[in-house]
Amino acid sequence: MTVAHAPALTSTGAGASPRRQSRSGLAKYLGLTPFAVYVILFLAIPTVLAVSTGFFTESGAFTLDNVAGIFAPNVIATFGSSFWVSAVTAVVGAVIGALVCYALLGTRAESSLRTVIDSLSSVLAQFGGVMLAFAFIATIGNQGLITVALRGLGIDLFASGPWLYQVPGLLPVYIYFQVPLMIITFMPALQGLKTTWAEANATLGGTPFTYWTRIAIPVLAPSFIGSLLLLFANAFSSYATAAALISQGAQIVPLQIRSALVSETVLGRENMAGALALGMIVVMVVVMWGYSVLQNRTSRWQR
């Protein structure tokens, strides 16, 4: 007596048609096509063209003179100014933003206050460029509202010179959008702290100081440092706000790239802008790599 073999399953599981599986996998990748085209056209190609020009002369001959120009004293000083502005605004923005996040822990996630602050942070973190520069000029510029009011009281904000239109003037302007960016990026880490950790600390006789120094701070450190690096990268790459405030000179790297593009020669090298862009990209790659590593470490305990 023979037993009839059951028909093989072909609709689901391991018996699914290879052709159907390949079509399903292809459909997933096709969904990424618009984004891939956007990245290639507006990010990858411009970046390659900008960097590659730094290795060629105006006539198209290969040269390393432009890259060597990055190490000129005035260019090093410009990179130093960019590092200084980015570091100061990142640290101040990170500290203030972290304190705001800590204060918000006492409110409910669905409360009106939390909703308003989250919405404002999302908007203000993207508020920059000419609009932000105009807002500060109209407020604390030479003839700004607050400047004129304080001048009537005998206080001159510009007694030491027009600092708002120089590198020091970028500090309060950048901090304006660094703080809300910190709130957006660091708040999820604080919300991820588990109440059971605090309860276990209290059960074992620990104090609030012990909880923060031995549990919360070590756990939050990677997220805080990662957010700090993100703020540094955000300030280091900012251009439009600085260009609107500082109309004379090239005191930070983005403005020096602008100067190289609009000037006929820079240090005798026509394609110096490409070499400066290469220097900025190297800095950004290192910073964002560090941010990615720290975020991966943070995500381990947030899952």
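Start by selecting Gln-178, which is buried in this predicted model, its relative accessible area being 0%. The residue sits in helix H8, and its side chain is joined to that of Asn-234 by a polar contact of 3.1 Å. To see what surrounds Gln-178, leave out the neighbours within four places in sequence and display the residues in contact with it, namely Thr-89, Ala-90, Gly-93, Leu-231, Asn-234 and Ala-235.

Keep Ala-235 on screen, for this residue, a contact of Gln-178, also belongs to the lining of the largest cavity. To complete that lining, add Ser-82, Val-85, Ser-86, Leu-170, Tyr-174, Phe-236, Ser-238, Ile-252 and Pro-254 to the selection. Helix H4 (73–104), helix H8 (170–191) and helix H10 (208–236) are the elements that each give two or more residues to this lining, and the largest share, three residues, comes from H4. Colouring the lining by residue class shows seven nonpolar and three polar residues, with no charged ones. The volume enclosed is about 50 Å³, and the structure holds one cavity of 30 Å³ or more.

From the cavity, turn to the aromatic rings, of which a search of the whole structure finds 14 pairs. Select Phe-83 together with Phe-236, a tilted pair whose centres are 5.4 Å apart and whose planes stand at 55° to each other. This pair links distant parts of the chain, since Phe-83 lies in helix H4 and Phe-236 in helix H10, 153 residues apart. With a surface displayed, the two partners can be told apart: Phe-83 is partly exposed, at a relative accessible area of 35%, whereas Phe-236 counts as buried, because its relative accessibility of 1% falls under the 20% cut-off. Phe-236 is also one of the residues that line the largest cavity.

Next select Phe-127 and Tyr-176, which form a tilted pair with 6.1 Å from centre to centre and 55° between the planes. Here too the pair links distant parts of the chain, with Phe-127 in the loop between helix H5 (112–124) and helix H6 (129–140), and Tyr-176 in helix H8, 49 residues apart. Phe-127 is partly exposed, with a relative accessible area of 24%, and Tyr-176 likewise counts as partly exposed, at 35% relative accessibility.

As a last stop, select Phe-55, Phe-56 and Phe-62, which ring pairs link into a cluster.

Definitions and conventions
Residues are numbered from 1 along each chain as its sequence is written. This is a predicted model: local features need pLDDT of at least 70, side-chain atom pairs count only at pLDDT 80 or more; totals for chains, interfaces and linings use all residues. Side-chain values use heavy atoms; hydrogens and water are left out. On a 1 Å grid over the protein atoms alone, a cavity is a set of points where a 1.4 Å probe fits but cannot get out, and a pocket is an open set with protein on both sides within 12 Å along at least five of seven lines; lining residues have an atom within 4 Å of a point. Grid points are joined across faces, edges and corners, and a volume is the space filled by probe spheres set on the points. Helices (H or I, at least four residues) and strands (E, at least two) are DSSP runs, numbered from the N terminus. Ala, Val, Leu, Ile, Met, Phe, Trp, Tyr, Cys and Pro count as nonpolar, Asp, Glu, Lys and Arg as charged, and the others, Gly among them, as polar. Buried means under 20% relative accessible area, exposed over 50%, partly exposed in between (1.4 Å probe, protein chains only). A polar contact is a pair of N or O atoms within 3.5 Å; within protein, one must be able to donate a hydrogen and the other to accept it, and residues adjacent in sequence count only if both atoms are side-chain atoms. Contact means heavy atoms within 4.5 Å. Rings of Phe, Tyr and Trp (its six-membered ring) pair if their centres lie within 6.5 Å; planes under 30 degrees apart count as stacked, over 60 as edge-to-face and the rest as tilted.
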